[in-house]
Each structure stands twice: as C-alpha cells, then as structure tokens.
Amino acid sequence: MRGAMTTDPALLFIPVDVNSARPFGMDASDRACRLAANAGFECADRPAPGRAALIANMGYAWDPAWLKAMRTRPGAVLTLGDKPVLAHVPADADAAAAIEAMASGADLDGFHPLAAETAELSYAELRKRDRPFVLP
C-alpha cells in the first residue's frame with residue numbers, strides 16, 4: 001500500500017505482566033491481544049526497533065474503547081491511581097524502558113498522563129461522551 005502516501009505499519013500491542021484472570025475462558029493476555037488485533041494492532045511479545053507500540057499492563061482490565069483512544073495519543077500514558085495502564089510509545093522512544101517501568105509500576109518519565117478517573121472520550125458517531133472503565 002505504498003505510493004504517494006506513506007503508511008506506517010500497524011502499532012504493536014505488547015502485554016506486560018501476567019494476570020491469572022480468564023475473561024471469557026481465555027488467558028488475559030490472549031484476550032487483550034484479540035481485542036487489540038480487532039482494533040488494528042499487531043500483537044507482539046517485545047518491541048521492534050523503529051516501531052510505535054501500545055504497552056498494556058495486564059494487571060488491569062480496560063474498556064476496548066481505550067485502544068482506539070490511545071492509538072491517537074503518542075507519548076500518552078493512561079493511568080489509574082497514578083499507576084500506568086496503557087502507554088503509547090512512539091517509534092523513536094525507548095519501548096524497553098517503558099515496559100520495564102510499567103512492569104515495576106514506576107512512573108513513565110516523559111509521557112503525558114491521562115487519568116482514567118477523570119478522562120472522557122467523545123464518540124462523534126454516537127454524539128455522546130463516556131468514561132470507559134479501567135479496573136485493577
């Protein structure tokens with residue numbers, strides 16, 4: 001699909017940490033990857049050089065609407081109680097460092113926080129605003 005316009009490869013979706021929950025009878029990481037693939041992400045186990053990625057802390061459950069919202073926010077981190085939940089790591093950033101920080105629950109330095117407790121998303125096609133869920 002290359003031509004006059006350049007298209008970037010799909011954002012990587014990288015689940016971090018483990019969660020023993022089995023939503024819909026599936027491993028939590030597998031379920032998250034399936035949701036991400038449906039939203040146009042490419043699931044991966046690790047970052048790839050020069051590729052942007054959405055890092056997901058598997059210690060949390062989140063509304064799939066956050067995938068679409070975070071896709072358009074490079075350098076943003078969705079937080080709950082000041083803990084990182086989803087982080088959009090731009091292609092030129094150190095995704096491995098972001099994964100390490102997220103796995104340890106540390107702040108992601110240089111990322112713009114988006115607090116799940118107060119953030120609202122607009123659904124233009126539905127003409128409404130909503131606060132999608134994020135739960136530990």
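Q: Before we get to any loops, what counts as a helix or a strand here?
A: Helices and strands are DSSP runs, with at least four residues for a helix (H or I) and at least two for a strand (E), numbered from the N terminus. Keep in mind that this is a predicted model.

Q: Got it. So where is Glu 117 found?
A: Glu 117 lies in the loop that links strand E7 (112-115) to strand E8 (121-123).

Q: Is Glu 117 buried or exposed?
A: In between: its relative accessible area is 37%, so Glu 117 is partly exposed.

Q: And which residues gather with Glu 117 in that patch of negative charge?
A: Asp 82, Asp 107 and Asp 109 join Glu 117 there, on the surface.

Q: Zooming out, how many helices and strands are in the chain?
A: The chain has three helices and ten strands. Reading from the N terminus, the order is β-α-β-β-β-α-β-β-α-β-β-β-β.

Q: How much of the chain is buried residues?
A: Of the 136 residues, 40% are buried.

Q: Let's do helix H3. Which of its residues are buried?
A: H3 spans residues 95-104, and its buried residues are Ala 95, Ala 98, Ile 99, Ala 101 and Met 102.

Q: Where do they sit around the axis?
A: On the same side of H3, because they cover an arc of only 165 degrees.

Q: Then what does the face turned away from the buried side carry?
A: That face of H3 carries Glu 100 and Ser 104, both exposed.

Q: Switching to electrostatics, how many salt bridges does the structure hold?
A: Just one. Arg 51 pairs with Glu 42, and their closest N and O atoms are 3.0 Å apart.

Q: Why can side chains pair like that?
A: Opposite charges can pair when the charged atoms come close.

Q: Are those two partners buried or exposed?
A: Arg 51 has a relative accessible area of 18%, so it counts as buried, the cut-off being under 20%. Glu 42 is partly exposed, at 38% relative accessibility.

Q: Last one: where is the place of Ala 37?
A: Ala 37 is in helix H1, which covers residues 28-38. With a relative accessible area of 44%, Ala 37 is partly exposed.

Q: And what separates the C-alpha atoms of Ala 37 and Ala 10?
A: A distance of 9.7 Å, with the two residues 27 apart along the chain.

Key:
Residues numbered from 1 in each chain as written. Predicted model: local features only at pLDDT ≥ 70, side-chain atom pairs only at ≥ 80, totals over all residues. Heavy atoms only, no water. Patch = residues over 30% accessible without salt bridge, like charges linked within 9 Å, V, L, I, M, F, W, Y side chains within 5 Å. Areas by Shrake-Rupley, 256 points an atom, 1.4 Å probe, with all protein chains shown as cover. Salt bridge = Lys/Arg side-chain N within 4 Å of Asp/Glu carboxyl O. Lys, Arg positive; Asp, Glu negative; His and termini not counted. Charge placed at Lys NZ, Arg CZ, Asp CG, Glu CD. Buried < 20%, exposed > 50% of the residue type's maximum accessible area, 1.4 Å probe, protein only. Arc of directions from axis to C-beta.
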